[in-house]
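Biologist: Please take a close look at one part of this protein, the charged side chains that pair with each other. I would also like to know how far the model can be trusted around that part.

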Amino acid sequence: MQVLLEVRNALLELFDQNKGSNGLPTLVDWRSWGAVIEVEDQGRCGICWVFASKAVVEGINAIHMRSLIQLSAQQLIDYVDVNYYGWSGGSVSRAFHYIIAKGSLESNHVYPYEGLQKIYKPIIVGHYFDLFI
């Protein structure tokens, strides 16, 4: 709960600097706030869901921790939706479920993007496939 309050307060502080007549921010450039990484090249495969999912978590972490750490796209590719879509599409909601169940993602430094999929056997839990290293 404390983490959520800290993120909320940091966002309110940022938005206070840029309010429009309706009280909402007129512009938020997350790049200048250090909450997004450079654009990444996924190559010729349908894994935009991977980069979108990890970007959300990277941004939340950067806002809360005030430090931007690039997370592993490869971990999501290897462990989420391997029996369903893999390289031709996937599911952001399954990626979030995996991240929540796992507790985090490795950094890209520890688990770098290779541009290929290693297939791991999923463990079925409820309606989702949870895959653990």
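Modeller: The answer starts with the model as a whole, goes on to the charged pairs, and ends with the surroundings.

This is a predicted model, so to read it properly: local features need pLDDT of at least 70, side-chain atom pairs count only at pLDDT 80 or more, and totals for chains, interfaces and linings use all residues. Numbering starts from 1 along each chain as its sequence is written, and side-chain values use heavy atoms, with hydrogens and water left out.

The protein has 133 residues, of which 33% are buried. Buried here means under 20% relative accessible area, exposed means over 50%, and partly exposed is in between (1.4 Å probe, protein chains only). The secondary structure comes to 4 helices and 2 strands, in the order α-α-α-α-β-β from the N terminus. Helices (H or I, at least four residues) and strands (E, at least two) are DSSP runs, numbered from the N terminus.

On confidence, the mean pLDDT is 75, and 65% of the residues reach 70 or more. The score is the predictor's confidence in each residue, on a scale from 0 to 100. Helix 2 has the highest mean pLDDT among the elements, 89, and strand 1 (residues 123-125) the lowest, 42. Residues 121-133 have pLDDT below 50, yet this stretch makes 33 contacts in the model beyond near neighbours in sequence. A contact means heavy atoms within 4.5 Å.

Now the charged pairs. Side chains of opposite charge can pair when their charged atoms come close. A salt bridge is counted when a side-chain nitrogen of Lys or Arg is within 4 Å of a carboxyl oxygen of Asp or Glu. By that rule the structure holds 3 salt bridges.

One of them joins Glu40 and Lys54, whose closest N and O atoms are 2.9 Å apart. Glu40 sits in the loop between helix 1 (2-16) and helix 2, while Lys54 sits in helix 2, so this pair ties together parts that are 14 residues apart in sequence. Glu40 is partly exposed, at 30% relative accessibility, whereas Lys54 is buried, at 0%.

Lys54 also meets the side chain of Glu58, at 2.6 Å from N to O. Glu58 and Lys54 both belong to helix 2 and are 4 residues apart, about one turn of the helix. Glu58 is buried as well, with a relative accessible area of 2%. Glu40, Lys54 and Glu58 are thus linked in a network of salt bridges.

A further salt bridge pairs Asp29 with Arg31, at 3.0 Å from N to O. Asp29 is partly exposed at 30% relative accessibility, and Arg31 is exposed at 64%.

Helix 2 (48-65) is also involved in the largest pocket: this helix and helix 4 (92-102) each supply at least two residues of the lining. The lining consists of Val57, Ile60, Asn61, Leu71, Phe96, Ile99, Ile100, Gly103, Ser104 and Leu105. These residues divide into 7 nonpolar, 3 polar and no charged. Ala, Val, Leu, Ile, Met, Phe, Trp, Tyr, Cys and Pro count as nonpolar, Asp, Glu, Lys and Arg as charged, and the others, Gly among them, as polar. The pocket holds about 210 Å³ of space. On a 1 Å grid over the protein atoms alone, a pocket is an open set of points where a 1.4 Å probe fits, with protein on both sides within 12 Å along at least five of seven lines, and lining residues have an atom within 4 Å of a point.

Just past helix 2, Arg66 lies in the loop between helix 2 and helix 3. Its phi is near 60 degrees, a positive value in a residue other than glycine. Most residues other than glycine have a negative phi. Arg66 is exposed, at 55% relative accessibility.

Two pairings across the sequence complete the surroundings. Glu6, in helix 1, is partly exposed at 38%, and its C-alpha atom is 6.7 Å from that of His64, 58 residues away along the chain. Tyr79, in helix 3 (residues 73-79), is buried at 6%. Tyr79 and Tyr98 are 8.3 Å apart, C-alpha to C-alpha, and 19 residues apart in sequence.

Definitions and conventions:
Points joined across faces, edges and corners; volume = space filled by probe spheres on them.
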